[in-house]
Amino acid sequence: MILTDTHTHIYLPALATDEASMMQRAFDAGVTRFFLPNIDSESVADVWRLAGNYPEHCFAMMGLHPCSVNERVEEELAVIEQHLNKKIVAIGEIGIDLYWDKTFLVQQQAAFRKQIAWAKKLQLPIVIHCRDAFDEVLAILQEEKDELLRGIFHCFTGTIEQANQVIALGFYLGIGGVVTYKNAGLDKVLENVSLSNIVLETDSPYLPPVPFRGKPNESAYLYHVAQKVADIKHISIEEVATITTQNSKLIFGV
């Protein structure tokens, strides 16, 4: 069984203190493919370090997280743009986040558009971060829609109507630990979504699944996400792993 974590920040220094053990726990759980979304200029080196340490297992993305968009946005984007000629599999994570602060909405929108343009130029998928900003993100995706626009709607927690809108745009739903939360309602959404439209993720070290809530998340815990999806779909975890890993290969090309 091969499980693919399509969104994990296990390169962050807080987790990297025990990198070898952490990776081995993931391998032991069947997780052998890790996709690493960048956050900002400071995280670039850590992404490349882990991808370099595990080149057969870890794959780098480059992007500026919307929560890192501020008055220095152009400087941040310039630093990240310098790494686009290296071996990356996506532009991410990018998007709009209005949960914490709406101050830089205009700059977030501009950065989102600019990074979508990078992805199209390089013919790469995008990995979208969207929090309290579904309408704003969707509006830009509708503007940018063409044969080159594709990717993953990371940490999807929306309604079935929103899921169908995302899928209609040619995007996959990134499903993580929230699906295991009792009152999240994501299980009801997944009952009506085909496995051909989803990928699995942890967003480690954030959003740990049950039974690890309150603890730092890690990629090994993807097993619990996959098991919950299998329970919802009334199929084996092996089938979930096979289909979602194949979906990840279609998206990232590796």
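Helices (H or I, at least four residues) and strands (E, at least two) are DSSP runs, numbered from the N terminus. With that in hand, let us work through some exercises.

This is a predicted model, in which local features need pLDDT of at least 70 and side-chain atom pairs count only at pLDDT 80 or more, while totals for chains, interfaces and linings use all residues. Residues are numbered from 1 along each chain as its sequence is written, and side-chain values use heavy atoms, with hydrogens and water left out.

**Exercise 1. The whole protein**

Work out how many helices and strands the protein has, and why it counts as being as compact as a globular protein of its length.

Solution.
- Step 1: Start with the secondary structure, which consists of 10 helices and eight strands.
- Step 2: Take the radius of gyration, which is 17 Å; the globule rule gives 18 Å for 254 residues, and the two values are close, so the protein is as compact as a globular protein of that length. Here the radius is taken over C-alpha atoms, and the rule is 2.2 Å times the number of residues to the power 0.38.
- Step 3: Look at the extent of the C-alpha trace, which spans about 45 × 40 × 35 Å along the principal axes.

**Exercise 2. Inside, outside and charge**

Find what share of the residues is buried, and describe the surface and the charged side chains.

Solution.
- Step 1: Learn the classes: buried means under 20% relative accessible area, exposed over 50%, and partly exposed in between (1.4 Å probe, protein chains only). Of the 254 residues, 56% count as buried.
- Step 2: Turn to the accessible surface, about 11000 Å², with 51% of it belonging to carbon and sulfur atoms. These areas come from the Shrake-Rupley method with a 1.4 Å probe; for residues, only the protein chains shown count as cover.
- Step 3: Count the charges: there are 21 positive and 32 negative side chains, and the centres of the two sets lie 3 Å apart. Lys and Arg count as positive and Asp and Glu as negative, without His and the chain ends; each charge is placed at NZ of Lys, CZ of Arg, CG of Asp or CD of Glu.

**Exercise 3. A close look at Ser219**

Locate Ser219, decide whether it is buried or exposed, and list its partners.

Solution.
- Step 1: Ser219 sits in the loop between β8 (198-200) and α9 (222-233).
- Step 2: Ser219 counts as buried because its relative accessibility is 2%.
- Step 3: The Ser219 side chain makes a polar contact of 2.7 Å with the side chain of Asp5, and another of 3.0 Å with that of Thr8. A polar contact is a pair of N or O atoms within 3.5 Å; within protein, one must be able to donate a hydrogen and the other to accept it, and residues adjacent in sequence count only if both atoms are side-chain atoms.
- Step 4: Contact means heavy atoms within 4.5 Å. Leaving out residues up to four places away in sequence, Ser219 touches residues including Ile10, Ala26, Val31 and Phe34.

**Exercise 4. Unusual backbone geometry**

Find where cis peptide bonds occur and which residues other than glycine have a positive phi.

Solution.
- Step 1: Gly92 and Glu93 are joined by a cis peptide bond with omega of about 5 degrees, and Glu93 belongs to strand β4 (residues 90-97).
- Step 2: From Val210 to Pro211 the peptide bond is also cis, with omega near 15 degrees; Pro211 is in the loop between β8 and α9.
- Step 3: Gln123 has a phi near 55 degrees and lies in the loop between α5 (105-122) and β5 (126-131). Gln123 is exposed because its relative accessible area is 54%.
- Step 4: Cys155 has a phi near 50 degrees, and its place is the loop between β6 (151-153) and α7 (160-168).

**Exercise 5. Two helix residues**

Decide whether Thr245 is buried or exposed, then find what Arg49 contacts.

Solution.
- Step 1: Thr245 is in helix α10 (residues 237-252), and its relative accessible area of 5% makes it buried.
- Step 2: Beyond residues up to four places away in sequence, Thr245 touches Ile2, Leu3, Thr4 and Arg33.
- Step 3: Arg49, in helix α3 (residues 44-53), is partly exposed at 27% relative accessible area.
- Step 4: Setting aside neighbours within four places in sequence, Arg49 is in contact with Tyr11, Ala16 and Glu19.
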